[in-house]
Amino acid sequence: MKEEITSKNFKTKLDSELIKKSQRCTVRECDEVSPSDFESYVDEHDQSYDVRIQLEKGTVINSTCECKSAFSFCQHKIALLAFIAKGIKPAAKITATKKIDPVKQALEQADPEKIRDWILKTLKKNKDLSIAFMNEFSGKSENYTPEEVIALTHDAVKAVIGKRRKAEAFEVKKIIDLWMELHKPILDQYFAEPANEEYFKQVHTIIDTVIEYKYRILTGSKRFETYFKQVLTQIEEVILNIRDEETCIKCLSYFSKEFFLDGYGGIRREYTNIFINIFNSSSIQMRYRIVSIIAEIYRARKDERVEDSKELLQLLLHMVVFNKNFPEYKDMFRPIRHAIVYNIRLIDALIELGELNTAETYCIEQINQNTDSRYDLDYISRLKRIYTQTKDDEKLVGVLSRELLHKPDFDNYTFVISNIEHDAQFKKWRNQVLANARQLASFNKNAADFSLALRNSEGDFKGLLAYLDENADYDSIALYTNQLILYSAEAFMRKLITKIDSGRDERLNLDNPAELEEILEKIYQIAALKYGVENLMLIIKDRVKVYERWANLFVRYVGRKSSAS
């Protein structure tokens, strides 16, 4: 169970070096954003980090920091927790005497004219306060036009950083604090009535403008992104809580009209993500309606914005396959060059539907367009399924021949060689298959086993002996021990006791030594029949005597048997 960190025990529970580092940090602008939820900037040397700590009865239940420390609780979090701990005081006893607020007292006694003059001077010096003041008292806090929303959002930024493009973390915090205050009545109005298109336009303008500033302002702070993501999450929750399906679709239709960015190619992925998240959380019937909206957008814009429509098409396919209504929309889909995930999903859906001819055509088209044969493999595996289903052995031989160049499989190899002529072209292909298998053998057991099986099937025991190297597992060697002893017992034994252990056997020795010993025992029994137990033990002892700890697993296993006897 993870040990809890509290405002009382953190100095004893956390690393002492981190505690020392935390003492060199400076905590500033600490805000309690909600009860026991603290947010602050923590400065270390010339760096500033955005830190947040949430407590529950003095125990840390959540914490974040912008630094990339490997520790789960860095020095910046410790500095903020220490700062918070100093401020936590025992609850004071309630007394009959009411404390007088000196600010309130001064305000009540001050001359109204002087207050107005002082406020005016202060607001002129602090543009951010001026904007907040105007928002509070101007009477214009809800029915903004999109242009006014842009101006409001822009003025908040200008009030904090002027015309600069670079903003420090504390300046970004000021901007976000202003935005939260300025945007709140607009957002609340939309949340109360999300089917109102005018309210949507205001909220859309907020999101669009905030996202623009995320890319325009140079800063290390992530608050811009956090802010608009919070707004989007709230929008999703509001729409998901709408019980009337027609109202929900109406709300989504507003977002669908704003899928495409104006002026240049591109899709507002923030809005497609809203559709995806709501789609994933909706009923089957609602998902059908969402699919129809995406399909309608695609049909309307596919020729106008070709690259963007391809992205929509991929989203649409994901939805119809997930929702199991692919048959209704199958005629809309075509392969997209270089979009292999989409293409394979489309082809698999067609195969499942029984549209094998279309699936075959799409596979062949993509293979012909590929410039790198590695990208053919997914299409080849689909053709293999198609030709296996249709029992077209001639075409199956063709695709297996291509697959074997990348993916060695002895059963497939046997099928191919039994169905083609063994001419010069076959010999060239066979050599290439074997060469590729040898290249893969070090990290692919199937490839290593394929090489041994091919040599054995051709009766090439000299070649088979040559392959008893660091790529050959002992369980594979056990399959051919009898044949190799008959071919040349001396050459086999020399190869067996001098070979380097494969990485797979070394891992098996660590993970399941009993299984490895069972395999080694099989080889030992066959070798003992040929040499006799005493002679075999002498061979092994000589090997151990010379090489000691460098002896391979087979030699060490037989050596242990010799010592035990």
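Reader: Strands here are DSSP runs of E, at least two residues long and numbered from the N terminus, so which strand does Glu-39 lie in?
Author: Glu-39 lies in strand 2, and I should say at once that this is a predicted model. Strand 2 covers residues 37-44 and runs antiparallel to strand 1, residues 26-34, with six bridges joining the two.

Reader: And which residue in strand 2 is the bridge partner of Thr-26?
Author: Thr-26 has Asp-43 as its bridge partner there. In the hairpin that these strands form, two residues lie between them, and Ser-36 takes a positive phi near 65°.

Reader: Back to Glu-39: is that residue buried or exposed?
Author: Glu-39 counts as buried because its relative accessible area is 12%, and the cut-off for buried is under 20%.

Reader: What does its side chain make a polar contact with?
Author: The side chain of Glu-39 makes a polar contact with the side chain of Arg-223, at 3.5 Å. Leaving aside residues up to four places away in sequence, Glu-39 also touches several others, among them Glu-29, Asp-50, Arg-52 and Lys-173.

Reader: Changing topic, how many residues has the largest nonpolar core?
Author: That core has 139 residues, and those with the most contacts inside it are Trp-179, Ile-235, Phe-333, Tyr-474 and Phe-554. Helix 24, residues 474-498, supplies the largest share, 12 residues, and at least three residues come from each of domain 2 (124-241) and domain 3 (459-563).

Reader: Which residues does a second, separate core include?
Author: The second core, of 23 residues, includes Val-27, Tyr-49, Leu-80 and Ile-84.

Notes
Residues numbered from 1 in each chain as written. Predicted model: local features only at pLDDT ≥ 70, side-chain atom pairs only at ≥ 80, totals over all residues. Heavy atoms only, no water. Core = buried A, V, L, I, M, F, W, Y, C linked by side-chain atoms within 4.5 Å. Buried < 20%, exposed > 50% of the residue type's maximum accessible area, 1.4 Å probe, protein only. Helix = DSSP H or I, 4+ residues; strand = E, 2+ residues; numbered from the N terminus. Domains from an automatic or database assignment. Pairing = 2+ DSSP bridges. Polar contact = N/O pair within 3.5 Å; in protein donor to acceptor, adjacent residues only side chain to side chain. Contact = heavy atoms within 4.5 Å.
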